[in-house]
Amino acid sequence: MPRPTGRVLTLLELLQSGGTRTVAELADRLGVDGRTVRRYVEHLIDLDVPVESIRGRYGGYRLGSGYRLPPLMLAEDEALAVLLGLAAGRRAGLPGAGSTAGETASAKIRRVLPKHVAGRLAALLDSLAFTDPSRPAAAPAPVPDAEVLLTLADAVRHRRPVSLRYTDRSGHRSERTLHAYGIVAHEGRWYVTGADPGTAADPGTGEDSGTGEERTFRLDRITDARPLPGSFEAPTDHDPARRLLAGFAAAEYRHEVVLRVRATVAQVRAHLPETVAGVTELAPTADEGEEWLRVELRAERLDWLPPVLAALDRPFVIERPSELRALVTAFANRLASHALRT
């Protein structure tokens, strides 16, 4: 009976990660029983790999000291993980990732990859955009399927339509066609932006029917992506990251808030990032030389806005809704009563 070479190599990779691995742990990781693990170890020893057997309560197997590791070999999904990690590290300014070492590491990995794998990963990195982080991710986000990610990246690069199987936020499943313009990484989640030639999108969620509107889809909700015949022309001025942020700011919620604020864009953005609010510069009036901005956002609740406006500490006018005026007045009265206490 032939030996399952793939599992033997996986065993070697586990041992190369260092330390002593118990038989039970190795069996669980390989999906086999303890006797099979021992047989795999014997096969490695036959190949002159120095695997040591450690007896006792915390015993198991480990690689002998001084063993020289073979040349680095990465599967397609492993190479994808490493290159995306380097790209994200450069974007985030992590130590080493943006240095010469990070660039040379990326170049070395690309050189040793098979041609078709290197091409797919290059397409992804060319089509990928990052948003500026507005806040840290609250919890680990769902991870998109690597094959879906690479297929969409190839579609972006070569302007090919793709067929998607998608599950929206309400659990409804559908199959649709997308002209993908770009892929965006935002606060731990992955999105693809583009146009659906057969349906239209809600500006904020991309999940309503219509004709030929721009769409935004979460990649972890895409279960399958297949290239279709043909090609399309993408708009030259399309900015996938900005489109995604504008969609978040315009998403449908209970309250539509419109403010006029006497401040700079930077001052407003320090408290209301692009994912939350849209900002438009207003022409200055004759009697007021300072810059005024129109700030528009949508919110399910309004109670978080008075503290934000207080922290902004700039003159503002509430155009709507009227409920916000009452909340701001009540918040100001509470602050004043606290300040007068002795």
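## Burial and the model

A residue counts as buried when its relative accessible area is under 20%. Phenylalanine 232 has 8% relative accessibility, so it is buried. The structure described here is a predicted model.

## Aromatic pairs

How many aromatic pairs does a search of the whole structure find? The search finds two. In one pair, the ring centres of tyrosine 166 and phenylalanine 217 lie 4.8 Å apart. Their planes stand at 70°, so the pair is edge-to-face. This pair links distant parts of the chain. Tyrosine 166 belongs to strand β4 (residues 162-167) and phenylalanine 217 to strand β7 (residues 214-218), 51 residues apart. Both tyrosine 166 and phenylalanine 217 are buried.

Tyrosine 181 pairs with phenylalanine 232. Here the centres are 6.1 Å apart, the planes make 45°, and the pair is tilted. Distant parts of the chain are again linked: tyrosine 181 sits in strand β5 (residues 173-186), phenylalanine 232 in the loop between β8 (222-227) and α8 (240-249). The two residues are 51 residues apart. Tyrosine 181 has a relative accessible area of 14%, so it is buried. Phenylalanine 232, at 8%, is buried too.

## The β1-β2 hairpin

Strand β1 (residues 51-54) and strand β2 (residues 60-63) run antiparallel. Four bridges join them. Which residue of β2 is the bridge partner of valine 51? The partner is leucine 63.

The two strands form a hairpin, with five residues between them. The turn contains glycine 56, which has a positive phi of about 105°.

## Packing of α2 on α3

Helix α2 (residues 23-30) and helix α3 (residues 34-46) have axes that come within 9 Å. The axes cross at roughly 95°. At that angle α2 is roughly perpendicular to α3, because 65 to 115 degrees counts as such.

From α2, the contact uses Val23, Leu26, Ala27 and Leu30. From α3, it uses Gly34, Val37, Arg38 and Tyr40. By class, the contact has six nonpolar residues, one polar and one charged.

## Histidine 255

Where is histidine 255 placed? It lies in strand β9 (residues 255-262). Is histidine 255 buried or exposed? Its relative accessible area is 15%, so histidine 255 is buried.

Neighbours within four places in sequence are left aside for its contacts. Histidine 255 then touches Leu297, Arg298, Ala299, Glu300, Arg301 and Leu302. Glu323 is also in contact with histidine 255.

Conventions
Residues are numbered from 1 along each chain as its sequence is written. This is a predicted model: local features need pLDDT of at least 70, side-chain atom pairs count only at pLDDT 80 or more; totals for chains, interfaces and linings use all residues. Side-chain values use heavy atoms; hydrogens and water are left out. Two strands pair if DSSP finds at least two bridges between them. Rings of Phe, Tyr and Trp (its six-membered ring) pair if their centres lie within 6.5 Å; planes under 30 degrees apart count as stacked, over 60 as edge-to-face and the rest as tilted. Buried means under 20% relative accessible area, exposed over 50%, partly exposed in between (1.4 Å probe, protein chains only). Contact means heavy atoms within 4.5 Å. Axes are lines fitted to C-alpha atoms, for helices over the stretch in contact, and angles run from 0 to 180 degrees between N-to-C directions. Angles under 35 degrees count as roughly parallel, over 145 as roughly antiparallel, 65 to 115 as roughly perpendicular and the rest as oblique. Ala, Val, Leu, Ile, Met, Phe, Trp, Tyr, Cys and Pro count as nonpolar, Asp, Glu, Lys and Arg as charged, and the others, Gly among them, as polar.
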